[in-house]
Amino acid sequence: MAFFIHTIMKRTKIKELIATEPSGQEVTVKGWVRTFRNNSFIAINDGSTINNIQAVVNFENTDEATLKRITPGACLRVTGSLIASQGKGQKVEIAVKEMEIYGDAESDVTKPNVYPLQPKAHSLEFLREIAHLRFRTNTFGAVFRIRHNLAFAVHQFFHERGFVYMHTPIITASDAEGAGEMFRVTTLDINNPPKTETGEIDFKQDFFGKSTNLTVSGQLEGELAAMAFGDVYTFGPTFRAENSNTTRHLAEFWMIEPEMAFYDLNDNMDLAEELLQYVIKYALEHNREDIEFLSQRLFDEEKQKPQTERSEMTLLEKLQFCIDNKFERVTYTQAIDILRESNHNKKKKFQYLVNEWGTDLQSEHERYLVEKHFKKPVILTDYPKEIKSFYMRQNEDGKTVRAMDILFPGIGEIVGGSQREERLELLETRMKELHLPIEEMYWYLDTRRFGACPHAGFGLGFERLVLFVTGMTNIRDVIAFPRTPKSAEF
RNA sequence: UCCUUCUUAGCUCAGCUGGUUAGAGCACAUGACUGUUAAUCAUGGGGUCCCUGGUUCGAGCCCAGGAGAGGGAGCCA
């Protein structure tokens, strides 16, 4: 009748229990064993908090076979009285009266199917290979609780301001978004695709009757909705088939893309800055212990490094600094001047020296501006039009566009956005220059034909935000099951 | 895709100038102990030194090719 016991025993989450005054009341906890010390003390975690609860079994009254089954990773229920702990390190503990093991976890390394997590530090690389189990570690528990609260805070931020959450399509026939290589979506037989008379693949016979891909951005669709609701945002998966092998890129990632009618570039920057500070503050308030843990973890890790390579601030200080200070706003042209005049450039310490106006900034330049020169988040605006997308609003100088990138320390570009070009003629001219299919994009251009208005928007890479808030350094460690070139396990 | 570093026990790592039987900590097994905090103590088992080929009397170490991983760059969020 194990299932019967299971259903009537209502559990209390550990987060709630450790905040409860102990008075010997009977409680039930269900969770996974982290360690079992001294044949008596079980550290149980149920994911509700980074903290474990200590359950104390009387080994003299418990049969040895049962004790043997209390191993790291095993899932169990304990029922007993909540009492003040005699030991140091925790306020309350459970004096176990009854215990039920739901699932064993083999701990003998000589046997097959051994549970790979041990009560010790594992490398992030190793944990990445067992991504299906890494949630059960302190680090990944903290990361994914923070990720959840950041996502929730994003929705709350926009909801409080009257934005409409749009679900833009994941499958798209548009290939003109200009945001990189796309993943093809097809039901055609790849070994024997139907051909046209001229020998090309006949997509008329494909599922949608045309060539389709996974979306690389919801922006264009977002703009359409903004022309009715005023303020909208998307928050969904995005796919890029770039062969990028870095700590900042994923083939499948989540992006937040607000789009606002009647916003100019300044309004756009204000909103982006406000959003970032809002969600960071939310995480600091709701994930305090998780962030403290990660902050300490990072601090300990950096002790191994030489003094010069260590961070000036702890993670906690860095996040606090970020919400207490305005971001620095400079134009591309000003940034080029700063870089050109920097000692770093004069001493030729950049791999790519900064000379002429018009070239794109390299990672090392962005890092210099953020980490050395301003020492705070930086918003760069008004880039040369040649290095930015077709839809960005052209400035009166004929050379630059109303673009903005927000650069964060350690991350680089976390936000990319712009005021959009709402003037039909200028937009069409730019699209012709770039050989974009104007006819196919009639639906996008219709917003400029019918009731066009100044508007703006940006894209925020969600995983890059999670990277920053958790202090993790590899983007593959802030998404549950990362998709990168040559890797789609789990 | 380019550059670069790495791959040794289940995990984290050491391994000298190429030289006998490849080591440590943790984990595991057995025993002891029993208010521990990644418990402690004792004993023990555990290796395709990533793979293939080569140089050499002799290769974990040198050379070539391959595979996988990390970091950096490019592209970008």
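Ile170 sits in the loop that connects strand E6 (164-165) to strand E7. In this predicted model, Ile170 is partly exposed, because its relative accessible area is 38%, above the 20% limit for burial and short of the 50% limit for exposure. Ile170 also belongs to a nonpolar surface patch. Its other members are Ile171, Phe207 and Phe208, and the patch covers about 400 Å².

Strand E7 (171-172) also takes part in the packing of helix H6. Helix H6 spans residues 219-229. Its buried residues are Gln219, Leu220, Glu221, Gly222, Glu223, Ala225 and Ala226. Besides strand E7, these buried residues pack against three further strands: E10 (231-239), E11 (252-261) and E16 (455-461). They also pack against a helix, H14 (442-449). Gly230 follows just after H6 and adopts a positive phi of about 85 degrees.

Strand pairing was examined around strand E3. Strand E3 (residues 53-56) runs antiparallel to strand E2 (residues 41-45), and four bridges join the two. Within this pairing, Ile42 has Ala55 of E3 as its bridge partner. Strand E3 is also joined to strand E5 (residues 92-103). Here the strands run parallel, and the bridges number three. Ala55 stands opposite Ile94 of E5. Ala55 thus faces Ile42 in one pairing and Ile94 in the other.

Note on methods
Residues numbered from 1 in each chain as written. Chains lettered and ligands numbered in written order. Predicted model: local features only at pLDDT ≥ 70, side-chain atom pairs only at ≥ 80, totals over all residues. Heavy atoms only, no water. Pairing = 2+ DSSP bridges. Buried < 20%, exposed > 50% of the residue type's maximum accessible area, 1.4 Å probe, protein only. Contact = heavy atoms within 4.5 Å. Patch = residues over 30% accessible without salt bridge, like charges linked within 9 Å, V, L, I, M, F, W, Y side chains within 5 Å. Areas by Shrake-Rupley, 256 points an atom, 1.4 Å probe, with all protein chains shown as cover. Salt bridge = Lys/Arg side-chain N within 4 Å of Asp/Glu carboxyl O.
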